[in-house]
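User: Hey, could you walk me through this one? I'm new to reading structures.

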Amino acid sequence: MIRLIVADDEHLIRGALVALLDLEDDIQVVADTDTSTGAVELAQEHQPDVCLLDLEMPPTDGLDASEKILRTVATKTVIVTRHARPGVLRRALASKVSGFVPKSTPAQELADVIRQVAAGKRYVDPEIAAAALSAERCPLTERELDVLRESRGTAQIVQIAQKLHLAPGTVRNYLLTAMTKVDARTRHEAAETAWQQGWI
């Protein structure tokens with residue numbers, strides 16, 4: 001029996017996934033949640049064979065949850081997403097995610113992916129893989145990505161600096177360099193570009 005955790009903030013989709021996957025003879029959904037922090041807590045509590053994680057759920061995201069889970073639990077993670085941005089696949093593969101599928105995947109196919117992943121294989125949706133191969137590489141450094149990630153919200157320069165343990169002037173320099181690299185007029189525009197590309 002493959003023990004599974006499902007995490008998705010869209011209640012209708014999560015309910016459907018739980019109901020459909022529970023119908024499989026060899027898959028048991030042991031817990032579900034609507035947050036990335038809940039996913040980490042449930043994984044640590046239940047020690048499942050596979051964690052099925054929505055990419056975009058609060059308060060962080062599925063990739064962040066996956067990284068935290070894989071650091072502390074002997075399990076596999078599969079990311080499901082509605083917006084398969086190419087850069088996100090690269091981040092997912094770099095962080096040891098075992099599966100990456102669109103939300104449009106039929107339940108039976110998703111069950112097969114879960115079986116493959118539980119058996120130690122990796123699965124990436126072919127269309128997402130093709131898009132990732134043709135996408136441009138990220139020109140930004142890790143620190144530039146950090147400040148852009150924080151710039152997606154309403155945080156001021158001083159708040160970003162405090163959170164990242166940097167001087168406000170250093171944050172401004174990183175933002176200016178990042179804006180120049182992605183040809184953006186504002187830090188928010190640069191952050192949106194980085195998000196659309198899947199770099200953050």
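User: Let's start with strand S5. Are the residues on its two faces buried or exposed?
Analyst: Both faces of strand S5 (residues 99-102) are covered, with Gly-99 and Val-101 buried on one side and Phe-100 and Pro-102 buried on the other. Buried means under 20% relative accessible area, exposed means over 50%, and partly exposed is in between, using a 1.4 Å probe and protein chains only. Helices (H or I, at least four residues) and strands (E, at least two) are DSSP runs, numbered from the N terminus.

User: Where do these coordinates and numbers come from?
Analyst: This is a predicted model, where local features need pLDDT of at least 70, side-chain atom pairs count only at pLDDT 80 or more, and totals for chains, interfaces and linings use all residues. Residues are numbered from 1 along each chain as its sequence is written, and side-chain values use heavy atoms, with hydrogens and water left out.

User: OK, which strands sit alongside S5?
Analyst: Strand S4 (residues 76-81) pairs with S5 in the parallel sense over four bridges, and Thr-81 stands opposite Pro-102 there. S5 is also joined to strand S6 (residues 123-124) by two bridges, again running parallel. In that pair, Gly-99 stands opposite Tyr-123. To count as a pair, two strands need at least two bridges found by DSSP.

User: And how does the chain get from S5 to S6?
Analyst: The chain goes through helix H5 (residues 107-118), and this β-α-β crossover is left-handed. A right-handed one would run clockwise from the first strand over the helix to the second, with the strands pointing away from the viewer.

User: New topic: pockets. What's the volume of the largest one?
Analyst: The largest pocket has a volume of about 590 Å³. A pocket, on a 1 Å grid over the protein atoms alone, is an open set of points with protein on both sides within 12 Å along at least five of seven lines, whereas a cavity is a set where a 1.4 Å probe fits but cannot get out; lining residues have an atom within 4 Å of a point. Grid points are joined across faces, edges and corners, and the volume is the space filled by probe spheres set on the points.

User: What lines it?
Analyst: The largest pocket has 20 lining residues, and Thr-60, Asp-61, Arg-91, Arg-149 and Ile-200 lie nearest its centre. Helix H3 (62-72), helix H4 (86-94) and helix H7 (142-151) each supply at least two residues of that lining.

User: And the second largest?
Analyst: That pocket has a volume of about 160 Å³. Its lining includes Arg-91, Cys-138 and Trp-199, and the largest share, three residues, comes from H4.

User: Back to helices. Which residues of H2 are buried?
Analyst: In helix H2 (residues 36-46), those are Ser-36, Gly-38, Ala-39, Val-40, Leu-42 and Ala-43.

User: Anything odd in the backbone?
Analyst: Most residues other than glycine have a negative phi, and most peptide bonds are trans. Gln-47 has a positive phi of about 50° although it is not a glycine, and its place is in the loop between H2 and S3. Lys-96 has a positive phi too, of about 70°, in the loop between H4 and S5. The peptide bond from Pro-58 to Pro-59 is cis, with omega near -5°.

User: How exposed are Gln-47 and Lys-96?
Analyst: Gln-47 is partly exposed, at 43% relative accessibility, and Lys-96 is exposed, with a relative accessible area of 58%.
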